[in-house]
Amino acid sequence: MTEFGGLYGAGGIGSLTQPLLGERIQAALKPNRVVVVGTGDSLNVLAERHGSTVTTLRSLNPTITGRPSDQLPMGSWLFLPKRRAAANADTSTTSLPAGFYTPETLATYLGVSLSTIYSWNSSGYGPPFVKLGNLVRYTYEKVELWLARQLELSRG
């Protein structure tokens, strides 16, 4: 399967159509990636291959119907969720110890802006952080615990 620009056929799973100009513009504005379906690809296969879920793929591609195990038409186009950067990718020139996020890598991982991370730090909302001199760092464990707590709170 090849990552490619385009859309899943607008006519549904059984038909492939040429994307219209409006659809191309919509595709360019969505913060997602697009792949071309290869031989034997199904929603289950694509979800596993790209670290996603069938539910997420269906939400990004509402024209897809059928069972998750059904093969998709070869050559059709499908949206995938935006890829998150590696959690420990350090943008500075110094090496970061394993197990820590910088504010930049945490912002990328959570899909928020750097200013949001700093705002959370000053308000006490975000994940707990450690100050090492002037440096702010977050441990993987504390971030994952904070995310789990946010999930619990959002479910009520």
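Q: Let me start with one residue: is Asp 41 buried or exposed?

A: This is a predicted model, so keep in mind that every value here is computed from it. Buried means under 20% relative accessible area. Asp 41 comes out at 2%, so it counts as buried.

Q: Which residue does Asp 41 form a salt bridge with?

A: Look for Arg 49: it pairs with Asp 41, and the closest N and O atoms are 3.2 Å apart. Arg 49 has 44% relative accessibility, so this residue counts as partly exposed.

Q: How many salt bridges does the structure hold?

A: There are three. Besides the Asp 41 and Arg 49 pair, there is one between Arg 67 and Asp 70, with the closest N and O atoms 3.1 Å apart. Arg 67 is exposed, at 57%, while Asp 70 is partly exposed, at 25%. Glu 152 and Arg 149 form a salt bridge too, at 3.3 Å from N to O.

Q: Where do Glu 152 and Arg 149 lie?

A: Here's the general idea: an α-helix has 3.6 residues a turn, so residues three or four places apart point the same way. In this model, Glu 152 and Arg 149 are both in helix α6, residues 140-155, and they sit three residues apart, about one turn of the helix. Arg 149 is partly exposed, with a relative accessible area of 45%.

Q: Let's zoom out. How many helices and strands does the protein chain have?

A: It has six helices and six strands. Reading from the N terminus, the order is β-α-β-α-α-β-β-α-α-β-β-α. The chain has 156 residues, and 33% of them are buried. Contacts tell you how the chain comes back on itself in sequence terms: of those between residues at least 6 apart, 61% join residues at least 24 apart.

Q: Which residues make up the largest nonpolar core?

A: In general, nonpolar side chains in soluble globular proteins tend to be buried together. Here the largest nonpolar core has eleven residues, including Val 35, Val 37, Leu 43, Leu 46, Ala 47 and Val 54. Two or more residues come from each of α2 (43-49), α3 and β3 (77-80). The largest share, three residues, belongs to α2.

Q: Which residues is Leu 43 in contact with, leaving aside its neighbours within four places in sequence?

A: Try finding Val 54, Leu 57, Arg 58, Ile 64, Pro 68, Asp 70 and Leu 72 around Leu 43. Another core lies apart from the largest one; it has ten residues, and Tyr 101, Leu 110, Tyr 138 and Val 143 are among them.

Q: Leu 110 belongs to α4, then. Which residues of helix α4 are buried?

A: In α4, residues 103-110, the buried ones are Pro 103, Thr 105, Leu 106, Ala 107 and Leu 110. Their cover includes β4 (100-101), α5 (114-123), β6 (135-139) and α6. Just after α4 comes Gly 111, with a positive phi of about 75°.

Q: One last residue: is Ser 59 buried or exposed?

A: The cut-off for exposed is over 50% relative accessible area. Ser 59 has 55% relative accessibility, so it counts as exposed. You'll find Ser 59 in helix α3, residues 54-60. Now compare sequence with space: Ser 59 and Phe 79 are 20 residues apart along the chain, and their C-alpha atoms are 9.6 Å apart.

Definitions and conventions: Residues are numbered from 1 along each chain as its sequence is written. This is a predicted model: local features need pLDDT of at least 70, side-chain atom pairs count only at pLDDT 80 or more; totals for chains, interfaces and linings use all residues. Side-chain values use heavy atoms; hydrogens and water are left out. Helices (H or I, at least four residues) and strands (E, at least two) are DSSP runs, numbered from the N terminus. Buried means under 20% relative accessible area, exposed over 50%, partly exposed in between (1.4 Å probe, protein chains only). Contact means heavy atoms within 4.5 Å. A salt bridge is a side-chain nitrogen of Lys or Arg within 4 Å of a carboxyl oxygen of Asp or Glu. A nonpolar core is a set of buried Ala, Val, Leu, Ile, Met, Phe, Trp, Tyr and Cys residues joined through side-chain atoms within 4.5 Å.
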